[in-house]
Amino acid sequence: MTDEELAQNVAAELSDDPKVDSSLIDVVADGGEILLRGTVGSFWQKREAQKAAERVDGVTAVDNIIDVRLLTEHRRADAELRADVLHALSLNGMVPGTVDASVDDGTVLLSGTVDREHEREEAVRIAGNVPGVVDVQNDIFLNPPLSDV
């Protein structure tokens, strides 16, 4: 399969995915590696675009540099966004109370410690689903396992 065919297949997958507005996404293929660039309206759409590209046969890696640009009605003050992220995290039983969040210009920085990798992943997923989030940076540390000695 040529790079052009792979890029077309990824673009078709993005277009067919109802969770992604692919109208402003450009796809470049290079030897199985895919570059996604452009603009979407939410962090959730950016993440879903990556998942869609990863589903395509022949894709070996995805570099997702899509920008998130919120529409004016979805922009929120950082303090309000932080409160909503913390509330969403607290409602999820898989995310321990040791996880904290700060927000700067719509970008959420998760910090703290957890005992398991899936807790880190769940915190990122939950934070990324809060309306108004443009990016999530994961700075959560994994506690070392307890030894039985």
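This briefing walks through the cores, sheet strands, helices and a few chosen residues of the structure above. Keep in mind that the model is predicted. There are two separate nonpolar cores to look at, the largest with 21 residues and a second with 19 residues. There is also an open sheet of three strands, S5, S6 and S7, with helix H4 lying across them.

**The largest nonpolar core**

- This core holds 21 residues, and the members that touch the most others are Val10, Leu14, Ile25, Ile34 and Leu36.
- Two or more residues come from each of helix H1 (3-16), strand S1 (25-30), strand S2 (33-40) and helix H2 (43-54).
- The top contributor is H1, which supplies four residues.
- Ile25 is a good place to start exploring: beyond its neighbours within four places in sequence, Ile25 is in contact with Leu14, Val20, Leu36, Arg37, Gly38, Thr39, Val40, Ala49 and Ile66.
- The second core, separate from this one, has 19 residues, among them Val85, Ala88, Ile126 and Val133.

**Strands S2 and S3, and helix H2**

- S2 and S3 run parallel as a pair, joined over four bridges.
- Within this pair, Leu35 is placed opposite Asp63 of S3.
- Together, S2, H2 and S3 build a β-α-β unit that is right-handed.
- Strand S3 (residues 61-64) shows two kinds of face: Val62 and Asn64 are on the covered one, while Ala61 and Asp63 are on the uncovered one.
- That pattern is a familiar one, because side chains in a regular strand alternate between the two faces of the sheet.

**A buried glutamate in H2**

- Glu48 is a residue of helix H2.
- Is Glu48 buried or exposed? Its relative accessibility is 7%, which is under the 20% limit, so Glu48 counts as buried.
- Setting aside neighbours within four places in sequence, the contacts of Glu48 are Asp17, Lys19 and Val20.

**The S5-S6-S7 sheet**

- The three strands lie in the order S5-S6-S7 in an open sheet with mixed pairing.
- S5 and strand S7 (135-142) are the edge strands, each pairing on one side only.
- On average, and ignoring direction, neighbouring strands of this sheet are turned by 15 degrees against each other.
- The S5 and S6 pairing is antiparallel, with six bridges.
- Along S6, Leu109 is the bridge partner of Ser102, and Gly112 stands opposite Val99.
- The S6 and S7 pairing is parallel, with eight bridges.
- One of the places to check is Val108, whose bridge partner in S7 is Val136.
- From S6 the chain passes through H4 to reach S7, making a right-handed β-α-β crossover.

**The hairpin turn at Asp105**

- S5 and S6 make a hairpin that leaves two residues between the strands.
- Asp105 sits in this loop, between strand S5 (99-104) and strand S6 (107-114).
- The backbone of Asp105 deserves a look: its phi is positive, at about 55 degrees, although Asp105 is not a glycine.
- Asp105 is exposed, because its relative accessible area of 66% is over the 50% limit.

**Helix H4**

- H4 (residues 117-128) lies across S5, S6 and S7 and runs at about 160 degrees to S7.
- What span should the 12 residues of H4 have at 1.5 Å a residue? They should cover 16 Å, and the end C-alpha atoms are 17 Å apart, which agrees.
- The buried residues in H4 are Glu119, Arg120, Glu122, Ala123, Ile126, Ala127 and Gly128.
- In an α-helix there are 3.6 residues a turn, so residues three or four places apart point the same way.
- The packing partners of the buried H4 residues are H2, helix H3 (78-91), S5, S6 and S7.

**Leu81 in H3**

- Leu81 belongs to helix H3.
- With a relative accessible area of 0%, Leu81 falls under the 20% limit and is therefore buried.
- Outside its neighbours within four places in sequence, Leu81 is in contact with Arg76, Val103, Gly106, Val130, Pro131, Gly132 and Val133.
- Among these partners, Pro131 is 50 residues from Leu81 in sequence, and their C-alpha atoms are 8.2 Å apart in space.

Methods:
Residues numbered from 1 in each chain as written. Predicted model: local features only at pLDDT ≥ 70, side-chain atom pairs only at ≥ 80, totals over all residues. Heavy atoms only, no water. Buried < 20%, exposed > 50% of the residue type's maximum accessible area, 1.4 Å probe, protein only. Core = buried A, V, L, I, M, F, W, Y, C linked by side-chain atoms within 4.5 Å. Contact = heavy atoms within 4.5 Å. Pairing = 2+ DSSP bridges. Axes fitted to C-alpha atoms, helices over the stretch in contact; angles between N-to-C directions. Right-handed = clockwise from strand over helix to strand, strands pointing away. Expected span 1.5 Å × (residues − 1).
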